[in-house]
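The exercises below concern helix packing and the surroundings of a bound ligand. Please work through each task with the structure open, and then compare your reasoning with the solution.

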Amino acid sequence: MSKPKHIPQNTLLYVDGVTKSFDGFKALNSLSLIMEPGEMRAIIGPNGAGKTTMMDVITGKLRPDEGIVMFEQDIDLTQHDEAEIANLGIGRKFQKPSVIENLTVFENLELALSGGRGVFQSLLHKLSNQSFGRIEEVLELIRLQDKRSWLAGSLSHGQKQWLEIGMLIMQEPRLLLIDEPAAGMTDEETALTAELFKQLAQDHSLVVVEHDMDFVKALDCPVTVLHEGSVLAQGTLEQVQQNQQVIEVYLGR
Ligand SMILES: Nc1ncnc2c1ncn2[C@@H]1O[C@H](COP(=O)(O)OP(=O)(O)OP(=O)(O)O)[C@@H](O)[C@H]1O
Ligand SMILES: [Mg+2]
């Protein structure tokens, strides 16, 4: 795969001409997308548009058939596997929370901090004041301060999602990819999640895939519309909502 001639300065993620086929069907069809550091971007589009596949390609779960995927201008993500890409600072949140239910909220965060270490080792390991402070910060951010000693299994679905986001944040990623965070949340949890993301966006870059338009509106960030594996439109939510093609393929249905 040839390297691009030049990637614009100050680019965090550079996706260009990415195609991924499954049995001849192009789930991604010459997809191009650029993210700047510190940017939050919402990705919307109909079912099957390629949103999750795009995240699979960025995180190394899938290799593109064609195209360029560069991180921080000079790291070719197509040459790295999933674990390496996570270590490079790209965190991913799947739709289903994967917290450890029989550990407490605090212990889950502690575990995330330890990175590769095993559960028991990490829990026996004495926390430095610095690590302790970091966990406190994240507990506050994810609004679970007063639930720190609850078992994760006893949290609501929304709270589990926040905990998992907290676990990702513990590893201080440069870029976070989050797939349908508001799915299954109550209206109140959805509104709080939008607040949380806006706070996160102050010092992280975020790509958020979502179908819930009230949630996307609350994020108040640039929106990219995917359709049939490529970018159909880009702009503010208002702009894309007025785009005739977007109305035809997605919003108007
Ligand atoms: N591993 C796979 N094998 C075969 N087809 C796949 C595979 N993964 C995805 N696809 C197909 O690729 C297309 C894009 O799927 P993708 O999951 O990326 O869509 P999406 O935009 O995330 O949709 P949704 O909003 O429903 O989550 C779909 O037609 C899907 O059936
Ligand atoms: Mg999806």
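**Exercise 1: H3 against H5**

The crossing of H3 and H5 is right-handed, a term used when the near helix is turned clockwise from the far one by less than a right angle, anticlockwise being left-handed. The model is a predicted one, in which local features need pLDDT of at least 70 and side-chain atom pairs count only at pLDDT 80 or more, while totals for chains, interfaces and linings use all residues. Residues are numbered from 1 along each chain as its sequence is written, chains are lettered from A and ligands numbered from 1 in the order in which they are written, and side-chain values use heavy atoms, with hydrogens and water left out.

Task: Determine which residues make the contact of H3 with H5, and how they divide by character.

Solution. Contact (heavy atoms within 4.5 Å) is made on H3 by Val105, Phe106, Leu109, Glu110 and Leu113, and on H5 by Ser131, Phe132, Ile135, Glu136, Val138 and Leu139. Sorting these residues gives eight nonpolar, one polar and two charged.

**Exercise 2: H6 against H7**

Task: Establish at what angle helix H6 and helix H7 pack, and how their orientation is classed.

Solution. Begin with the elements: helix H6 spans residues 157-170 and helix H7 residues 187-200. Their axes, which are lines fitted to C-alpha atoms over the stretch in contact, are 10 Å apart and meet at an angle of about 10°. H6 and H7 are therefore roughly parallel to each other, the class for angles under 35 degrees. The crossing of H6 and H7 is right-handed. On the H6 side the contact is made by Gly158, Gln159, Trp162, Ile165 and Ile169, and on the H7 side by Glu189, Leu192, Thr193, Leu196, Phe197 and Leu200. In the contact of H6 with H7, seven residues are nonpolar, three polar and one charged.

**Exercise 3: H3 against H6**

Task: Find how H3 is oriented relative to H6, and which residues make their contact.

Solution. The axes of H3 and H6 come within 8 Å and cross at roughly 30°. That makes H3 roughly parallel to H6. Val105, Asn108, Leu109, Ala112 and Leu113 of H3 make the contact with Leu163, Gly166, Met167 and Met170 of H6. These residues divide into seven nonpolar, two polar and no charged.

**Exercise 4: ligand 1**

Task: Identify how many residues surround ligand 1, and which side chains place a polar atom by its oxygen atoms.

Solution. Ligand 1 is surrounded by 13 residues (a heavy atom within 4 Å), the closest being Asn47, Lys51, Thr52, Thr53 and His211. A side-chain N or O atom of lysine 51 is 2.7 Å from an oxygen atom of ligand 1. For threonine 53, a polar side-chain atom lies 2.5 Å from an oxygen atom of the ligand, and for glutamate 180 the corresponding distance is 3.4 Å.

Note on methods:
Helix = DSSP H or I, 4+ residues; strand = E, 2+ residues; numbered from the N terminus. Nonpolar A, V, L, I, M, F, W, Y, C, P; charged D, E, K, R; others polar. Polar contact = N/O pair within 3.5 Å; in protein donor to acceptor, adjacent residues only side chain to side chain. Axes fitted to C-alpha atoms, helices over the stretch in contact; angles between N-to-C directions. Parallel < 35°, antiparallel > 145°, perpendicular 65-115°, else oblique.
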